[in-house]
Structure formats: structure tokens, C-alpha cells
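Me: I would like to go through this structure step by step. Please reason briefly and end each reply on what I asked for.

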Amino acid sequence: MNRITKKIFGKLKDGRNVYEFTLKNLNGFEISAINYGGIITRIVFPGRDGIPSNIVLGYDTLDAYLKNPFYIGALVGRTANRIKGGQLLIGNHTYQLSLNNPPNHLHGGYNGFHNRFWDIEPDETNNLLKLSYLSPDGEGAYPGNLNIEVLYALSEENELKITYKASTDKPTPLSPTQHTYFNLSANPGETILNHDLKIKSLELLEVDDHQCPTGEFINVKNSPFDFNQFRKIGEQIDHKLLSKMRGYDHFYIFNKVEGAEKKAELWHKPSGRYLSMKSDFPGMQVYTSNFLENIPDEKNRFYQKHGAICLEAHFHPDSSRYNHFSDWILIPDEKFEHSTSYRFEIK
């Protein structure tokens, strides 16, 4: 069996071909990704019924992804999440970034990783894709030439491991993530409100009226944010504390535990599909597709509010503004290597 296949997915206006690569293992598990935005287009995994089904949101054509305003399936960077006023602080210098999410900078701006053309090199022996991109000095107003490499590796244990490696010639922030929208029911017409979620976290970041961190941590105990035990996502999603954001869109701080321990778990009991996440990043943005409302896909269906969940592991957002946040500044000659993995099972 060829574990990696390749096909043309579309063509950019400048004539470059966009290819879709598919990784497979022996268990009927498949992951597909394209070299535009490093987008994961499909994750196919069987449920208790044994039928392989796609469990992430996505599109069938490149044109749909070119119009994608929700980062569906994309690599995000240089910095995931929001930067207040687009003001990036490095040492004594302030860089003014684009305000693509007024009044803030979001997910790397207009020219982020999500809409860049990545080189993809398949590795059949290790069943992985190596994506690489040179983000030039000044791209999106970020300093430094940044060489970044991302590995998508699929194991026979049904684990997708995403590894980020990078180097730079000037100090620059780097906090990448993967923006896949999961719906373990494999039915885009069904919300994720009946999914059970567990997060190993005692605190999350307080945010201001524009969803930027204030620098304060909030204890989640006995609140609608507490997922230290499995609980239905929809159980308190209408709580007044979540009303402004229309659901969960919060950065959870991982407890200081060994890197191999599960940081988050997602379970769809009706199908039996179960996802566990591990990461060496210090936290994770949980987003319940609060504004993904009446968005058409290409099969005459509509993606809907709470139709999926994103589990985006990365550094504390707007980290250079607060000394007690994680350090996201990459400096020359420093090694950058971090990983996040998603393992799928039937329970």
C-alpha cells in the first residue's frame, strides 16, 4: 500500500499548482493536507460502526479556501491569537502590525502562514509530510527572515503529530498553531454541544472587551470554564459569562505536568470517536465556532454556530506585553522545536 498519495487540488492565479497529499495508515486512518496554507483538508477516521468518515470541516476546492476567512484547517503564524492594537514589543522597539481584526492583530495578519505557499516534501518511510516556508524580513511587518518547517506525521497508533522547527536572523515572535475544526460526529449538520470535553487546566487568561489578555489569570474551579472532568460542551455554553463571545473562545493554561500527559480530551459518545491531545506548548485556545454561522460548504450544507471545536495549542497570546507570560521571542542561533499531537481512538 502506498501510504502517501498526491493529486492536483487547484491552481493559483500565478500558475503554481496546489497539491493535496494524503497520509494513510493500516487502520483506515487518513489525513490530507495541501501546500496552500498548510491546510489540513480532511481527517478520516472510522467510528464504532467501522465506517471511515471525515471528522474535520473543510472544502473540496482551492477557490473555497482562497476565500476562507475562518482559518479552516490552516497553519497559523507567525503569532497565533490576538495582539492588542497590533503593537508588537521587542526590547525597546515597537513594531506596528496590521489590524486585520480591528482594533487588533489576529493570527499573523493579512499575510500569515494561513495563506502562504508552502513547499511539501513527502517522506514515505516515516509516513510524514515536511512543510517548509521562508517568511522574509518585514512580511506582515514582522522582523527577521524566518525559516520554518512543520512536520505532519501519522503513526500506526492513529496519532497525528505536528512538529514545528524554526530559525531566524533577527529576534522575532513565533507562536504557531494548527487551526483544524473538529467534529467527531462526522456530521457537519450536528453541533459539538453533545461532545464531552476534558482540559487539564486550573486557570485561563482574562481578556478585555476586545478579547486581548489583561495579564490576569482566572481560576476555573466551579465555573462554566471548568473542564477538569469530562463535561458536555453545551452544558453551560449559554452562561452569561460566555454571552459576549457567544461560546468558548478562551486560552487555557496547562498545569505544570510532564509533557507526555494528556492536556485535552474530546469524546463523541454516540460514534465512540475519542481524541486526546498532548503538547509542550504552555496553553491552548479553545474555540467553539461561535461565529461560523450559515457558512455554506460545497455540498449545499451550511456550517453552523458551534458546528466544530478548535484546540489550538500555542504560547500565551500577546506574550511580549507581559513579563509573566511565556517567552515567544525566537533569537538568532536559538533552536525552536515544539510539538502537538492528536491521537484518535474508539471508546
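Me: In what order do the five strands of the open sheet lie?
Reply: This is a predicted model. Its five strands make an open sheet with antiparallel pairing. Read across the sheet, the order is β19-β18-β21-β24-β27.

Me: Which are the edge strands of this sheet?
Reply: An edge strand here is one that pairs on one side only. That holds for two strands, one covering 213–219 and the other 310–314. They are β19 and β27.

Me: By how much are neighbouring strands of this sheet turned against each other on average?
Reply: The angle is taken between neighbouring strands, with direction ignored. The average is 30°.

Me: How many bridges join β21 to β24?
Reply: β21 and β24 (residues 283–287) run antiparallel. Within this pair, Tyr 252 stands opposite Met 284 of β24. The number of bridges joining β21 to β24 is five.

Me: Which strand gives the most to the lining of the largest cavity?
Reply: The largest cavity holds about 70 Å³ of space. Two strands, β18 (201–207) and β21 (249–254), each supply at least two residues of its lining. Among the lining residues are Leu 205 and Val 207, as well as Asp 249, His 250 and Phe 251. With three residues, the strand that gives the most is β21.

Me: How many residues of each class, nonpolar, polar and charged, are in the lining of the second largest cavity?
Reply: The second largest cavity has about 50 Å³ of space. Its lining includes Gly 77, Gly 108, Gly 112 and Gly 140, and glycine counts as polar. Arg 78 and Glu 139 also line this cavity, and both kinds of residue count as charged. The division is two nonpolar, six polar and two charged.

Me: How many disulfides does the structure hold?
Reply: A disulfide needs two cysteine sulfur atoms within 2.5 Å. For Cys 212 the nearest cysteine sulfur is that of Cys 310, 18 Å away. Cys 310 is likewise in no disulfide, with the sulfur of Cys 212 as its nearest. The number of disulfides is zero.

Me: Is Cys 212 buried or exposed?
Reply: Buried means under 20% relative accessible area. The relative accessible area of Cys 212 is 0%, so Cys 212 falls under that cut-off and is buried.

Me: What is the relative accessible area of Cys 310?
Reply: Cys 310 is buried, a term that asks for a value under 20%. For Cys 310 the relative accessible area is 0%.

Notes
Residues numbered from 1 in each chain as written. Predicted model: local features only at pLDDT ≥ 70, side-chain atom pairs only at ≥ 80, totals over all residues. Heavy atoms only, no water. 1 Å grid on protein atoms, 1.4 Å probe; cavity = no way out; pocket = protein on both sides within 12 Å on 5 of 7 lines; lining within 4 Å. Points joined across faces, edges and corners; volume = space filled by probe spheres on them. Helix = DSSP H or I, 4+ residues; strand = E, 2+ residues; numbered from the N terminus. Pairing = 2+ DSSP bridges. Axes fitted to C-alpha atoms, helices over the stretch in contact; angles between N-to-C directions. Buried < 20%, exposed > 50% of the residue type's maximum accessible area, 1.4 Å probe, protein only.
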